[in-house]
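Visitor: I should like to take a close look at a single part of this chain and to see how that part sits within the rest. Please start from one residue and work outwards.

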Amino acid sequence: MYLQNLIIDAIEPQRLGRFWEAVVGGVRLTDEPDIFETRLTVEDGPVLDLCFQPVPEPPAEPPRLHLDLLGGDHQAGEVDRLLELGARHLDIGQGDVPWVVLADPEGNPCCVMEHRAVYLDTGPIAALPLASADPDTDREFWAWLTGWTDAPGVAPRTLRHPSRRGPLFELCPEPASKGAAKNRLHLDIRLEDGDDPDEVAAGIAERGGRELHPDQDGLPWRLYADPSGNELCVLPAHS
C-alpha cells in the first residue's frame, strides 16, 4: 500500500486544479469536465497526485486537512506569487505568527511557511497537517497504511516518506471533533499486487478506523474513516 492521491473537492475543478498545478509545479494528468489531475514528483522521493473533483457547494466546516507550502527565505516572494495566481490573504484568527495564511480561489486555507530546518527536501508542499483526536493512535493507523515513518517536526506526531524527502504528514490536535460534513480534502491509498482488500479492511478496523457505506456497490474504491473520523479512500491495485 502507498499514499497516492490528495483529493480536493471543487466547485470548478479545472480552475482550482490549474491554480494548484501552478503552485506546486505539477505535471498535467487529466483535464476533463468532472476531474482535473496533476502530478507532483519529489526527486528521489514520493509521487503525489492532486485530484480535483466536482461538488455542488462550498465547504460547510473548517478544514481538517490543509497544505503548508514551502516559503523559507523566499516566503515574501512566494506569497506574492500565489497572490498573482489567484490566492488572497485570509484571517482565521491566527494572530501574530511567522507563517502567512492564504485562501486558494475557492477559499480553502493554505499556509506559506517560514524557514524551518525540518522542511529540508520537502519540495513545494512542506507539510500536510491533519486534525487528530489522538495523534498517537492516528500515527499508528497512518504509518501502517502508508509505510511512512516517524520524523522530526513540530506536531505531536509527524510521519514522512521513507526516503526522508517530500512533505511532512503532521498529526495535529483537533480544535473540535469531526462533524458530519465530509472533509473538503482527503487522502487516497493505493493497494499493490498481492494486497487483499478484505485484509486491509480488517487491519483498518483493528487500528481504530471504520468502513463507511460498506454495502455500496459499483465503485472500485472503498471509503473509510481514520480513528478521528477523517475520510480516506482505498483504491484497488492497478490491473
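Guide: Arg-210 is found in strand S14, and this residue serves as the starting point in what is a predicted model. Leaving out residues up to four places away in sequence, Arg-210 touches Ile-204, Tyr-224 and Ala-225. One of these partners, Tyr-224, is 14 residues from Arg-210 in sequence, and the C-alpha atoms of the two are 5.6 Å apart in space.

Another partner, Ile-204, leads to helix H4. This helix comprises residues 197–206, and Val-200, Ala-201, Gly-203 and Ile-204 are buried in it. Viewed down the axis of H4, the buried residues fall within an arc of 160°, so they line one face of the helix. An α-helix has 3.6 residues a turn, so residues three or four places apart point the same way. The face of H4 turned away from the buried side carries Asp-198, Glu-199 and Glu-206, which are exposed. On the buried side, the residues of H4 pack against strand S14 (210–212), strand S15 (222–225), strand S16 (231–235) and helix H3 (135–146).

Helix H2 offers a second case for study. In this helix, residues 75–85, the buried positions are Gln-75, Glu-78, Val-79 and Leu-82. They cover an arc of only 100° around the axis, which puts them on the same side of H2. Ala-76 and Glu-84 are exposed on the face turned away from that buried side. The packing partners of the buried residues of H2 are H1, strand S5 (67–69), strand S6 (88–89), strand S7 (100–103) and strand S8 (109–112). After H2 comes Gly-86, which has a positive phi, near 130°.

H1 was among the partners of H2, and Gln-14 lies in this helix, which covers residues 13–24. The relative accessible area of Gln-14 is 17%; because buried means under 20%, Gln-14 counts as buried. Its contacts, apart from neighbours within four places in sequence, are Asp-31, Glu-32, Pro-33, Asp-34, Ile-35 and Phe-36.

Strand S1 (residues 2–10) contains Leu-3, which is buried with a relative accessible area of 10%. Not counting residues up to four places away in sequence, Leu-3 touches Val-47, Leu-48, Thr-146, Trp-148, Leu-187, Asp-188 and Ile-189. Arg-81 is 78 residues from Leu-3 along the chain, and 28 Å separates their C-alpha atoms.

These parts may now be placed in the whole. The chain contains four helices and 16 strands. Its radius of gyration is 17 Å, close to the 18 Å given by the globule rule for 239 residues, so the chain is as compact as a globular protein of that length. The C-alpha trace spans about 50 × 40 × 35 Å along its principal axes. Of the 239 residues, 48% count as buried. Among contacts between residues at least 6 apart in sequence, 63% join residues at least 24 apart. The accessible surface of the chain comes to about 11400 Å², and 51% of this belongs to carbon and sulfur atoms. As for charge, the chain has 43 negative and 20 positive side chains, and the centres of the two sets lie 2 Å apart.

Terms used: Residues are numbered from 1 along each chain as its sequence is written. This is a predicted model: local features need pLDDT of at least 70, side-chain atom pairs count only at pLDDT 80 or more; totals for chains, interfaces and linings use all residues. Side-chain values use heavy atoms; hydrogens and water are left out. Helices (H or I, at least four residues) and strands (E, at least two) are DSSP runs, numbered from the N terminus. The radius of gyration is taken over C-alpha atoms; the globule rule is 2.2 Å times the number of residues to the power 0.38. Buried means under 20% relative accessible area, exposed over 50%, partly exposed in between (1.4 Å probe, protein chains only). Contact means heavy atoms within 4.5 Å. Accessible areas come from the Shrake-Rupley method with a 1.4 Å probe; for residues, only the protein chains shown count as cover. Lys and Arg count as positive and Asp and Glu as negative; His and the chain ends are not counted. The place of a charge is taken as NZ of Lys, CZ of Arg, CG of Asp or CD of Glu. The arc is that of the directions from the helix axis to the C-beta atoms.
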